[in-house]
Amino acid sequence: MEVVVAKQQKAKKQINLFYCSECEELALKVAASSDAIQLQSINWRNFDDGFPNLFINNAHDIRGQHVAFLASFSSPSVIFEQISVIFALPKLFIASFTLVLPFFPTGSFERVEEEGDVATAFTLARILSMIPKSRGGPTSVVIYDIHALQERFYFGDDVLPCFETGIPLLLQRLRQLPDAGNITIAFPDDGAWKRFHKLLLNFPMVVCAKVREGDKRIVRIKEGNPEGRHVVIVDDLVQSGGTLRECQVSTYCAIVLL
């Protein structure tokens, strides 16, 4: 019996999870959810000139094991140090490597509309496509709620982009509300509707549109009626939050979940 248990434990896939400083709290929650996840650490230091001075702890111990990195590209200033670690981990003779990027930050500039535009989403995708292979093959790049699914074509063949969504978590949260049968989903524009409406077909919907009034851009209801209902706004990209606030005013929201 002890031999069987030992074999089962050995066969169980263990994940060594590294993380950036911003994601420490999230990494702790992820590790607490499964015995198969082992947290690992990195010394995030800087030289006097401001450039990164990085050290991957227990680098020898992760040889032959599955490794993941939880990243946060919240600003250009933190991307370089994380890219440096991301490029280093697969070279430590690991069994496989997975990069988890909860937010792909360049959705506001993902296509060229006139000559001279620089599609920075394409630039970032190309950088991530250069991640070295591990022993198990190409890196899996897991991204949540990317602004446009077409961005999968920005990634090269040396990585495996996997696009996930947080909508199931939203649905789970909505089901727990005391007045769950009186909820309408509001989309601030057609782009948000196109991106997410198929995942929310069980709810009545309101679609808004941005119109100009002088120097201001105002959000107005285009389709649907939110009167007397709780409204949950679902957008495909949030920067300042201005569009969400305008959408809240136009739909007379009682509930807003972001």
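**Close-up views of a predicted model**

**View 1. The largest nonpolar core of the predicted model has 38 residues.** Within this core, the residues that touch the most other members are Phe 69, Phe 73, Leu 89, Phe 97, Leu 99, Phe 104 and Leu 128. Several elements each supply two or more residues to the core: strands β1 (15-19), β5 (66-70), β6, β7 and β8, together with helices α3 (76-88) and α4 (120-128). The model itself is a prediction.

**View 2. Phe 104 and its contacts beyond four places in sequence.** With its neighbours within four places left aside, Phe 104 is in contact with Ala 121, Leu 124, Ala 125 and Leu 128. Its other contacts in this set are Ile 143, Ile 146, Glu 151 and Phe 155. Phe 104 is also one of the core residues that touch the most other members.

**View 3. A second core, separate from the largest one.** This core has 15 residues, among them Leu 174, Phe 196, Phe 203 and Val 207.

**View 4. Strand β7 pairs with β6 and with β8.** Strand β7 covers residues 139-144 and runs parallel to β6, residues 96-101. The two strands are joined by 4 bridges, and one of the partner pairs is Thr 98 with Ser 140 of β7. Strand β8, residues 159-164, also runs parallel to β7, and 6 bridges join them. Here Thr 139 has Val 159 of β8 as its bridge partner.

**View 5. A nonpolar patch on the surface.** Phe 47, Phe 51 and Phe 80 make up this patch, with an area of about 350 Å². Phe 51 lies in the loop between β3 (42-46) and β4 (52-56).

Notes. Residues numbered from 1 in each chain as written. Predicted model: local features only at pLDDT ≥ 70, side-chain atom pairs only at ≥ 80, totals over all residues. Heavy atoms only, no water. Pairing = 2+ DSSP bridges. Patch = residues over 30% accessible without salt bridge, like charges linked within 9 Å, V, L, I, M, F, W, Y side chains within 5 Å. Areas by Shrake-Rupley, 256 points an atom, 1.4 Å probe, with all protein chains shown as cover. Salt bridge = Lys/Arg side-chain N within 4 Å of Asp/Glu carboxyl O. Core = buried A, V, L, I, M, F, W, Y, C linked by side-chain atoms within 4.5 Å. Buried < 20%, exposed > 50% of the residue type's maximum accessible area, 1.4 Å probe, protein only. Contact = heavy atoms within 4.5 Å.
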